[in-house]
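Trainee: I've got a model open and I'd like to learn how to read it. Can we go through it feature by feature?

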Amino acid sequence: MLYNTEAIVVRSIAYGESDAIVTLLTPGGLVAVMARGAKKPQSRLAAGVQLCVQGTFTLYRRSGMGTLSQVEMVNSRRGLREDLQRAAYAAYFCELVAAISEEAPNGSEVVYRLFAGALDRLEMQESPPPVTARIWETKILRLVGASPDWTTCVHCHREGLENAAYSPREGGFVCELCASKYAGNRDPGQSMWVTPSSVPKILKSFEIVPWNRLGSVRLSQATLEAIKRILEVQLRDFAGLWPRSRSFLDSIDEVYPDTQE
Ligand SMILES: [Zn+2]
């Protein structure tokens, strides 16, 4: 059976000498297909199986893994392959979305649209790539239900936090009053991270504001570092997400320091 589906390439692995196994994220979820001959440079499939390509994919399926017969590119996302930094971030974005997505047909169109928005933003460089990555992580955490209500104290549920501290053990912010109660506690597991006061509100807006309404986001280095550290804990300890490509990103950022503003 031949059928067409809209999709984005989220993984492409060489198989044998000339084939590739390609994982597509479709609006209905993940689909793995064999792309025969795609690793040969003259193959008509070669361009269409590159990471982050978005288009209409024609698949043939009888039983088992389907095969890819044609790709009509809608967005090649060439900009994501033009420099090492954006390529590394794009690979990370793909790994994250593949980790939280279900196999088709149990996937979610919401995930698909948010992912396409993340790639758009990374490619157009409306914000430095590390900022776009933090926004994407915040949205991923919400999708998997691993983010707290960022602007509410995890202890007393007070809203509108001022001078809050982040508790890595509890995965959320603690208000000034509650944090002072724990100030004398010497248990290292109870340690709190003092962060710039704007951080809870920024995380909340990253989580809920749609990509196209976020505008150009610029953060101070201190704020960006605090957000990065908090999201690392939420991703690793509360969502169980730590893609292999992640550790590579930190070394990449050192090569591109001017993009972290
Ligand atoms: Zn409190």
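Trainee: Let me start with one residue: is cysteine 175 buried or exposed?

Mentor: First, keep in mind that this is a predicted model. For burial, you look at relative accessibility, and buried means under 20%. Cysteine 175 comes out at 3%, so it counts as buried. Cysteine 156 sits at 33% relative accessibility and therefore counts as partly exposed.

Trainee: What do those cysteines coordinate, and through which atoms?

Mentor: A zinc ion: the SG atoms of Cys153, Cys156, Cys175 and Cys178 coordinate the zinc at 2.3 to 2.4 Å. Along the chain, these donors follow the spacing C-x2-C-x18-C-x2-C.

Trainee: Which parts do cysteine 156 and cysteine 175 tie together?

Mentor: Look at the loops. Cysteine 156 is in the one between helix 3 (129-143) and strand 6 (165-167), while cysteine 175 is in the one between strand 7 (172-174) and helix 4 (176-181), so the pair links parts that are 19 residues apart in sequence.

Trainee: And why is the arrangement around the zinc ion tetrahedral?

Mentor: Check the angles at the metal. Four donors count as tetrahedral if all angles lie between 85 and 135 degrees. Here the four donor atoms subtend 102 to 116 degrees, which makes the arrangement around the zinc ion tetrahedral.

Trainee: On to the strands. How do I read a sheet?

Mentor: The general idea is that strands of a sheet pair through backbone hydrogen bonds, either parallel or antiparallel. In this model, five strands make a closed barrel in the order 1-2-3-5-4, with mixed pairing. From one strand to the next, the twist averages 50 degrees.

Trainee: Which strands does strand 1 pair with in the antiparallel sense?

Mentor: Strand 1 (residues 2-15) runs antiparallel to strand 4 (residues 54-60), joined by seven bridges. Strand 1 also pairs with strand 2 (residues 19-26) in the antiparallel sense, over seven bridges. To get the register, pick facing residues: alanine 14 is opposite alanine 20 in strand 2, and glutamate 6 is opposite threonine 56 in strand 4. Threonine 56 in turn stands opposite glutamate 72 in strand 5, and strands 4 and 5 (residues 66-75) are antiparallel with seven bridges.

Trainee: How many residues lie between strand 1 and strand 2 in their hairpin?

Mentor: Three, and glycine 16 in that turn has a positive phi of about 65 degrees.

Trainee: Which strands does helix 1 lie across?

Mentor: Helix 1 crosses strand 1, strand 2 and strand 3 (29-35), at about 115 degrees to strand 1. Helix 2 (residues 109-124) packs on the sheet too, touching strands 1, 2, 4 and 5, and its direction makes about 60 degrees with that of strand 1.

Trainee: Now the interior. Which residues have the most contacts inside the largest nonpolar core?

Mentor: That core has 59 residues, and the ones with the most contacts inside it are Phe93, Phe115, Trp136 and Phe173. Helix 1 (residues 84-100) supplies the largest share, ten residues. There's a second, separate core of 16 residues, including Val9, Ala20, Leu45 and Phe57.

Trainee: What is phenylalanine 93 in contact with, leaving aside its neighbours within four places in sequence?

Mentor: Phenylalanine 93 touches Phe115, Ala118, Leu119, Leu122, Thr132, Ala133 and Trp136.

Trainee: And zooming out, how many helices and strands are there in the protein chain?

Mentor: Seven helices and eight strands. Of the chain's 261 residues, 49% count as buried.

Technical notes. Residues numbered from 1 in each chain as written. Predicted model: local features only at pLDDT ≥ 70, side-chain atom pairs only at ≥ 80, totals over all residues. Heavy atoms only, no water. Core = buried A, V, L, I, M, F, W, Y, C linked by side-chain atoms within 4.5 Å. Buried < 20%, exposed > 50% of the residue type's maximum accessible area, 1.4 Å probe, protein only. Helix = DSSP H or I, 4+ residues; strand = E, 2+ residues; numbered from the N terminus. Contact = heavy atoms within 4.5 Å. Donors = N, O, S within 2.8 Å, 3.2 Å for Na, K, Ca; no water. Tetrahedral: all angles 85-135°; square planar, octahedral: opposite > 155°, others 65-115°. Pairing = 2+ DSSP bridges. Axes fitted to C-alpha atoms, helices over the stretch in contact; angles between N-to-C directions.
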